[in-house]
Amino acid sequence: MAEITVTTFADARDCYRNRDLRQALYDAGEVIMSDVVVNLHGAEHRDRRRLENRLFRRDTFTLYEQDLFPPIIESTLAPYLAEGKAELVTLGHQLMMNLAALTAGVDRPQGTPEETFRLYDYLTTFIEGATLAHYTGDKEAKAAEVLAALEAFDAEFLAPGMARRRELLEQHEAEELTADDLPKDVLMVLMHNQDRLELTHETIRREIAFYLLAGAHTSATAFNRVVHNIFGWLAEHPEDEHRVRDDRLFVQRCTHETIRLQPSSPTGMRWAQADARLSSGVAIAQGDRVTLDLLAVNRDPSVFGDDATEFNPDRELADGVAPWGLSFGQGMHACIGQDLAAGVTFMDGDDPNAHLFGLVPVAVQTLFDHGCRPDPDDPPEMDASTTRPYFARYPVVFDSPAPQLPS
Ligand code: HEM
């Protein structure tokens with residue numbers, strides 16, 4: 001068995017599209033990931049994905065972005081705006097977890113901050129569970145801890161949410177509710193089709209936990225980095241200050257450029273189930289493991305130009321090249337939440353009112369609408385506990401006063 005690392009855009013695209021290459025990134029994270037969509041292969045993956053694709057459609061994204069997300073963004077931000085400052089790492093995770101919970105179908109019956117913190121604790125444990133391969137301590141003990149967290153999450157959040165949806169399904173079967181009246185979330189879609197795909201309760205539990213972490217962690221990481229990169233860009237291009245307020249496509253372009261340069265999941269990994277040859281000539285033998293180095297792939301100068309390592313939201317790209325590079329993957333496992341997270345690219349002639357900006361750009365825009373800038377007295381700090389470039393703290397202040405809440 002050989003370890004092969006792919007660093008060019010063309011090779012990585014070929015790998016993502018090759019059906020003989022099977023997911024390898026989560027081998028040690030079975031307790032959460034054993035049969036979740038990103039870890040399935042072949043027909044099993046196709047059937048699960050087809051089902052979930054029914055939810056992840058343009059009309060659902062529009063509903064989320066225009067109707068369901070804005071009040072969550074406002075209410076998550078409100079206490080920080082009232083204080084005139086925030087710490088972005090915490091704020092970003094809270095915000096994206098609240099949005100991911102809605103998408104996954106994790107109900108919040110109490111709606112209290114304590115409930116949010118408990119859900120956040122579960123989420124942190126699930127992330128550890130998914131990335132057990134990189135855990136340096138006692139893996140078995142950690143896996144047991146993750147399983148206990150899954151069971152507690154089930155009792156507190158999942159089971160009541162499933163009971164509510166079961167009642168709604170009964171009302172739907174009795175024709176008291178239309179399919180349109182059912183909640184638009186992953187849990188509802190899975191329960192509606194549970195018999196057809198023979199999904200066990202444990203499978204549904206893992207899938208919902210995975211959706212929570214897939215939606216929240218990636219988007220929160222991107223959120224923080226976009227804000228940081230915009231601050232950096234404005235420091236060097238003060239003439240662009242007005243764009244963060246007047247041009248919503250600018251913030252979206254900064255998001256795409258950030259996701260290209262700093263992919264939230266910096267590597268893809270696959271096992272070769274058969275021999276393969278990439279169009280560049282690279283030969284892969286059955287049993288080899290292939291790592292896709294997305295940091296290098298997304299800086300491939302033959303695709304993104306000689307200044308590919310730099311942040312430039314005004315970058316000109318050849319037709320057909322996505323501004324986020326391969327950060328959302330491609331092929332059968334391509335990110336199902338891509339349009340939800342980052343919107344779609346605006347084309348000449350598109351209707352700006354119908355445009356999908358994506359939840360990361362919308363959340364970042366909301367900060368800038370409130371005059372967000374770095375806290376001059378409290379500089380950001382990097383997270384020293386990991387070799388990956390995560391911020392540990394990122395203090396910001398808001399210049400514009402919080403809107404008056406109705407009494
Ligand atoms: C900036 C935000 C995000 C980034 C960078 C990102 C990145 C990715 C990548 C690279 C993959 C492919 C993994 C592979 O091929 O091995 C993926 C798959 C996936 N993502 Fe995302 N993601 C983001 C947001 C989201 C959101 C908001 C959701 C939830 C709605 C989501 C749900 C998923 C799911 C379910 C898959 C598996 C799809 C499949 O296997 O068919 N992601 N994501």
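This report walks through the ligand surroundings, two sheets and one helix of the structure above.

Welcome to a predicted model, in which local features need pLDDT of at least 70, side-chain atom pairs count only at pLDDT 80 or more, and totals for chains, interfaces and linings use all residues. Residues are numbered from 1 along each chain as its sequence is written.

## Around the ligand

Let us start with the ligand. Of the 26 residues around it, the nearest are Gly215, Gly329, His333, Cys335 and Gly337; a residue counts as near a molecule or strand if its C-beta atom, placed from the backbone, lies within 6 Å of it. Helix H10 (201-236) and helix H15 (338-342) are the elements that give two or more residues to this shell. Helices (H or I, at least four residues) and strands (E, at least two) are DSSP runs, numbered from the N terminus. With six residues, H10 gives the most to the shell.

What kinds of residues make up the shell around the ligand? They divide into 13 nonpolar, 12 polar and one charged. Here Ala, Val, Leu, Ile, Met, Phe, Trp, Tyr, Cys and Pro count as nonpolar, Asp, Glu, Lys and Arg as charged, and the others, Gly among them, as polar.

## Two open sheets

Next come the sheets, where two strands pair if DSSP finds at least two bridges between them. One open sheet has three strands in the order E3-E11-E8, with antiparallel pairing. Strand E3 (85-87) and strand E8 (372-374) stand at its edges with a single partner strand each, so one side of each has no neighbour in the sheet. The other open sheet has four strands in the order E1-E7-E4-E2, and its pairing is mixed. Its edge strands, E1 (3-6) and E2 (21-23), each pair on one side only.

One strand pair from each sheet is set out here.

| Strand pair | Bridges and direction | Residues opposite each other |
|---|---|---|
| E8 and E11 (residues 395-398) | three bridges, antiparallel | Arg373 and Val397 in E11 |
| E4 (residues 267-272) and E7 (residues 289-293) | five bridges, antiparallel | Gly268 and Leu292 in E7 |

## An enclosed helix

Is helix H16 (residues 359-369) largely enclosed or left open? Nine of its 11 residues are buried, so the rest of the structure largely encloses this helix. Buried means that 20 or more other C-beta atoms lie within 10 Å of the residue's own (exposed: 12 or fewer; partly exposed: in between), with C-beta atoms placed from the backbone. Among the buried residues of H16 are Leu359, Val362, Gln365 and Phe368. After H16 comes Gly371, which has a positive phi near 70 degrees.
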